[in-house]
Amino acid sequence: MELVVGSENPVKRRATERAAPEDATVLAFGVDSGVSDQPRGHAACRAGAENRARRALDASDTAATHGVGLEGGVATLEGAFEGTDGRLWLVMWAAVTDGDRWGYGTGPSLVLPDVVADPVREGGELGPVLDEYLGTAGIKHGEGAAGVFTGGASDRTSALAHAVAGALGPFVTDHYR
Ligand SMILES: O=P(O)(O)OP(=O)(O)OP(=O)(O)OC[C@H]1O[C@@H](n2cnc3c(O)ncnc32)[C@H](O)[C@@H]1O
């Protein structure tokens, strides 16, 4: 199994390495997600992950057997609470394809505190908004929001690895036939 990840963000490559079978090779190839820089809603995140997986598999000049796409975004969790829930959540989607079949997975969903959610609602992008709030540079390439908002109990690599593991399920087990 030779996986190509559709991103130049090293966190996404590391997450895929963590979730992939031990004998798999993992490459990375930067592609356009085809969705906005700050996807809003599950449909946009799923579409971004799919586009990245398909484009990475098509574009990489390698013997890659599977494309992997990871897309982070923000969403409300409609239907989870009674009445209207105004909270904004960080969500993450993974898609894997061999050019024919598809696998999908999501990572943990985390409530964004108002101090970050408000500027994102007003059009801001989560990574830069978080950097400004924390005085950091490039938090999305490191621990990410998952690290910050869990007090270090999780981090972006680990969170994304769970999404990739789910998306790889149909390709590494027999249970989806
Ligand atoms: O280089 P690419 O692959 O685009 O990686 P990315 O981290 O910029 O991009 P994503 O498309 O996965 O995420 C969309 C935006 O959401 C933000 N984001 C998502 N997850 C995050 C996290 O854990 N921590 C900080 N920002 C995050 C970040 O601002 C991204 O620009």
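Q: Which helices and which strand each supply at least two residues of the shell around the ligand?
A: Helices and strands here are DSSP runs numbered from the N terminus (H or I, at least four residues; E, at least two). In this predicted model, strand E3 (66–75), helix H4 (126–134) and helix H5 (144–148) each do so. H4 gives the largest share, four residues. Local features need pLDDT of at least 70, side-chain atom pairs count only at pLDDT 80 or more, and totals for chains, interfaces and linings use all residues of the predicted model. Residues are numbered from 1 along each chain as its sequence is written, and side-chain values use heavy atoms, with hydrogens and water left out.

Q: How many residues surround the ligand?
A: A residue is near a molecule if one of its heavy atoms lies within 4 Å of it. Here 19 residues surround the ligand, and the closest are Ser7, Glu71, Glu125, Gly127 and Lys140.

Q: Which side chain has an N or O atom 2.5 Å from an oxygen atom of the ligand?
A: A polar contact with the ligand is a pair of N or O atoms within 3.5 Å. The side chain of Ser7 has such an atom at 2.5 Å, while a polar side-chain atom of Asn9 lies 3.1 Å from a ligand oxygen. A nitrogen atom of the ligand is 2.9 Å from a backbone N or O atom of Ala145.

Q: How does the shell around the ligand divide into nonpolar, polar and charged residues?
A: Ala, Val, Leu, Ile, Met, Phe, Trp, Tyr, Cys and Pro count as nonpolar, Asp, Glu, Lys and Arg as charged, and the others, Gly among them, as polar. The shell comprises six nonpolar, six polar and seven charged residues.

Technical notes. Polar contact = N/O pair within 3.5 Å; in protein donor to acceptor, adjacent residues only side chain to side chain.
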